[in-house]
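Work through the following exercises with the sequence and the coordinates open beside you. Each task is followed by a solution that goes step by step.

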Amino acid sequence: MENIPLYPLRLQPVYKDYIWGGNKIAAQYKRGLPPGIYAESWEIADRPEGMSVVVNGPLAGRDLFSLTKAYGERLMGWPFTEFPLLLKIIDAKDKLSLQVHPDEAGARDTGGDPKTEMWYVLSAEPGAKVYLGFKPGVTPAAFKQALVGDKVGDLLEEIRVARGDVILIPGGKIHAIGPGCLLLEVMQNSNTTFRLFDWNRKGRDGQPRALQVNKALKVIHWDDARPAKIDQSKVQFARDPENNAVAELLHTPYFKFEKLIVAGLLRCAPGGKTFHALFVEEGAALLSSASETMPLESGMTVLVPADLPEYSLKAQ
């Protein structure tokens, strides 16, 4: 398999039907799915509970785990032991539980995998919001008291969101997604979530969903007062002669997030340094490489291997 040259990879989404989800992913991106709840679409995933499988070209049928083992740095650009990121679309018809993920230190103390993540707002209904961090002055004692008295919401920062907003959620930051949000989520490859409060909701079995309060309290960063929403007022788009525009919206130790506006022909070169994960927010383009030509449309995700010398995107 290692002798098959790598090329831009389309992956079969893995869908999750969590109770808070809706049907916007299926409807908005015309995925031809049967009626049902599609809370999350795992677009690029190397997880035992949700594994991406290639659907195009000579590697069709291969899963991302096996490709990572077989191709290593040729695929990822770095000697990771597993694919380093997880990419999802999230449709919150109802509000998600109040939760926190551990950072590296928290994961060592409590188990699981560290997770820093970000949200890019694809669409938001009027009044849509997220919860991120505490209001000023909230102490661990006050928060524990609020958990007992079901007054948690009074202590959380509420942030109204609109399409195009970028929000960073570092490990250790308490958060929840409110109803009416459709998000693109990029994160470290982790599915470790410590749930603190589920708004007195019951699961499909009629019982409250499990909480992990003790572990959550150990990993929360109580003094994290960093702004929730990324200030894009000073973002500069670099333009080329074809009137394409590229801007870096977020840069973390784990991933870089850029916005591309493709007006003509845009040439891209991974150059062996890193893979590219492309998501088409709107419009259409043609992706071309030495061995692959692929039409892209709204809602599609493509994984471009690191050792691809060059590829291009052409507006359609």
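The exercises below go from the whole chain to its strands and then to single loop residues.

**Conventions**

This is a predicted model, in which local features need pLDDT of at least 70 and side-chain atom pairs count only at pLDDT 80 or more, while totals for chains, interfaces and linings use all residues. Residues are numbered from 1 along each chain as its sequence is written, and side-chain values use heavy atoms, with hydrogens and water left out.

**Exercise 1. The whole chain**

Task: State what secondary structure the protein chain has, and compare its radius of gyration with the globule rule.

Solution. Begin with the elements: the protein chain has six helices and 23 strands, where helices (H or I, at least four residues) and strands (E, at least two) are DSSP runs numbered from the N terminus. Next take the radius of gyration over C-alpha atoms, and set it against the globule rule, which is 2.2 Å times the number of residues to the power 0.38. The radius is 20 Å and the rule gives 20 Å for 316 residues, so the chain is as compact as a globular protein of that length. Along the principal axes, the C-alpha atoms fill a box of roughly 60 × 40 × 40 Å.

Then turn to burial and contacts. Of the 316 residues, 51% count as buried, where buried means under 20% relative accessible area, exposed over 50%, and partly exposed in between (1.4 Å probe, protein chains only). With contact meaning heavy atoms within 4.5 Å, residues 24 or more positions apart account for 72% of the contacts that have a separation of 6 or more.

**Exercise 2. Strand pairing**

Task: Find which strands pair with β23, and give the residues that stand opposite K314.

Solution. Two strands pair if DSSP finds at least two bridges between them. By this criterion, β18 (residues 265-268) pairs with β23 (residues 311-315) in the antiparallel sense over four bridges, and β20 (residues 284-288) also pairs with β23 in the antiparallel sense over four bridges. For K314 in β23, the bridge partner from β18 is L265, and L286 of β20 stands opposite K314 as well.

Task: Describe the open sheet that contains β16, and name its edge strands.

Solution. The order of the three strands is β15-β16-β17, with antiparallel pairing. The edge strands, each pairing on one side only, are β15 (238-239) and β17 (256-261). Six bridges join β16 (residues 245-251) to β17, and one of the bridge pairs consists of E248 and its partner E258 in β17.

**Exercise 3. Loop residues**

Task: For D150 and N200, determine the phi value and the degree of exposure.

Solution. As a reference, most residues other than glycine have a negative phi. D150, in the loop between α5 (140-149) and β10 (156-160), has a positive phi near 55°, and its relative accessible area of 40% makes D150 partly exposed. N200, in the loop between β14 (194-197) and α6 (213-219), has a positive phi near 60°, and N200 is exposed at 58%.

Task: Locate D17 and list the residues that it touches beyond four places away in sequence.

Solution. D17 is placed in the loop between β2 (14-16) and α1 (24-28), and its relative accessible area of 44% counts as partly exposed. Leaving out residues up to four places away in sequence, D17 touches I37, A39 and R204. The C-alpha atoms of D17 and E40 are 7.1 Å apart, although the two residues are 23 positions apart in sequence.
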